[in-house]
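Here is a friendly walk through one protein model, from single residues out to the whole chain. Have your viewer ready and follow along.

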Amino acid sequence: MGVLMSRRQTVERVQKVSLAVSAFKDGLREQPSTRRRAEAGTTRQGTLEQEVQEGEEEALAGPSQTEESSASKAAWERLRDGRGVEPEEFERANRFTPPAFIRPKRELHDDEPPDISLEQREQILNDEMCEICEVWTAESLFPCRICHRVYHDGCLRRMGYLQKDSAVEVTETAHTETGWSCYYCDNLNLLLTEEEMYSLMETLRNCKIIPESCLTLDDFLHYKHQVHKQQFERTMPEAQEEQAALQFNALDPDKKGHIEWQDFLSHESIQLLQKIRPQNALLRLLTPKERERARAAFLALDQDRDGFIGEGECRQARHTWFRKHQKEMLSCNVSISHVGPISEGSPASSKNGKSPEKILPATKQEETRSIDWPGFLRENVAYILAARPNSAALHLQPLA
């Protein structure tokens, strides 16, 4: 499928070439001064001996340390900028340049309650042109289930965001109720402001977390203990350690014994958002598509149409509708993460279906406490945001 390069991508490539040329010119200017400093030695023999000695030391220790530090620096830069795989890690031929992500900024009115009506439905409109190439080709466009953007599969491949088996998965899910999240919405870390991102990076550095690495259960629990001790200056209670272990299992649905870096980063990002931002600010992050799915979930629970549901029903929604979609249920074309309640006779509620946990029955106290529409949104907004990534991992484990 042919694609056209947009003006934005052309400008980005020109800027990148200009920076490379400038760096090359600066290197040429520095060479004469370096040569003069080298010739300023007392004797030629002493200079040669010193150079040989330095070369031997660099051969023994220098190169590995330099390569390690440069790789670590690049990983921290990618983490800071919210970038994924770099274009240098792909074949350069016929590759598009990934976009420069711009982190959001907090506004003065962010903490005020947003007006999200239950009765007034919102019209969902997708873009008509591909976000990457800005070309319209009708049915071949893949819509994002979170935002308004649409994409060509060919453009996603050339950007490096669609590889191997992921292409088949996107094709199967993009036009179903399950849907597919684009590379903007799939990365929860992009919801953080620059200040919030620097705060997270400082925590990771202090806890000796290496960017882009996998974490085992011991690594994850050690990290959680360190964060708790730094924040509260005391040891983490056993109950919280058990909850952290449950969160690790939720982030490792395939039982591989470790969690991927992107899943860990998404989990830490949503955790930080919960700690720093009030619920009203989180509600402003919801897209029209997410608000519509939340309406459908609430209305399906409000059987008597009085505008209230029980706390047990709200807790059940937290465990089911916003849980990550399992791969074995793809053939059902039913999303337990983004549609209303599932009836007992539906395919997704089959006893043969594999569920990572059982939903506890609601207590009498939960059944008596009523929750209205604004309360339902506030209590579930973090789980709605946590359901954005395409990964099967559960990035925010609901409390039992």
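## Gln247 and its surroundings

Setting aside neighbours within four places in sequence, Gln247 is in contact with Phe220, His267, Leu394, His395, Leu396 and Gln397. Please keep in mind as you look that this is a predicted model. Gln247 belongs to helix 8, which covers residues 238-251.

Is Gln247 buried or exposed? Its relative accessibility is 6%, so Gln247 counts as buried, the cut-off for that class being under 20%. One of its contact partners deserves a closer look: the side chain of Gln247 reaches the backbone oxygen of Leu394 at 3.0 Å.

## Ala281 in helix 10

Next, select Ala281, which is found in helix 10 (residues 279-283). Ala281 is buried because its relative accessible area, 4%, falls under the 20% limit.

Which residues does Ala281 touch, not counting those up to four places away in sequence? They are Arg106, Asp110 and Asp111. For Arg106, the separation along the chain is 175 residues, while the C-alpha atoms of Ala281 and Arg106 are separated by 8.8 Å.

## The nonpolar cores

In soluble globular proteins, nonpolar side chains tend to be buried together. Here, the largest nonpolar core has 51 residues, and the members touching the most others are Leu79, Leu204, Ile209, Phe264, Trp373 and Phe376. Helix 14 (residues 373-386) gives the most to this core, contributing 9 residues. At least three residues of the core come from each of domain 2 (190-276) and domain 3 (283-323 + 369-399).

Ile209 is a handy place to start exploring. Leaving out neighbours within four places in sequence, Ile209 is in contact with Trp76, Leu204, Leu215, Tyr223, Trp261 and Phe264. A second core, separate from this one, has 24 residues, among them Phe101, Val150, Leu156 and Met159.

## The whole protein

Zooming out, the secondary structure of the protein consists of 14 helices and 6 strands. The protein has 400 residues, and 40% of them are buried. How much of the accessible surface belongs to carbon and sulfur atoms? The share is 51%, out of a total of about 23600 Å².

The contacts can be viewed by sequence separation too. Among contacts in the protein with a separation of 6 or more, 73% are between residues 24 or more positions apart. The pair of Ala281 and Arg106 is one to display here, with their positions 175 residues apart along the chain and a contact between them.

Technical notes:
Residues are numbered from 1 along each chain as its sequence is written. This is a predicted model: local features need pLDDT of at least 70, side-chain atom pairs count only at pLDDT 80 or more; totals for chains, interfaces and linings use all residues. Side-chain values use heavy atoms; hydrogens and water are left out. Helices (H or I, at least four residues) and strands (E, at least two) are DSSP runs, numbered from the N terminus. Buried means under 20% relative accessible area, exposed over 50%, partly exposed in between (1.4 Å probe, protein chains only). Contact means heavy atoms within 4.5 Å. Accessible areas come from the Shrake-Rupley method with a 1.4 Å probe; for residues, only the protein chains shown count as cover. A nonpolar core is a set of buried Ala, Val, Leu, Ile, Met, Phe, Trp, Tyr and Cys residues joined through side-chain atoms within 4.5 Å. Domain bounds come from an automatic or database domain assignment. A polar contact is a pair of N or O atoms within 3.5 Å; within protein, one must be able to donate a hydrogen and the other to accept it, and residues adjacent in sequence count only if both atoms are side-chain atoms.
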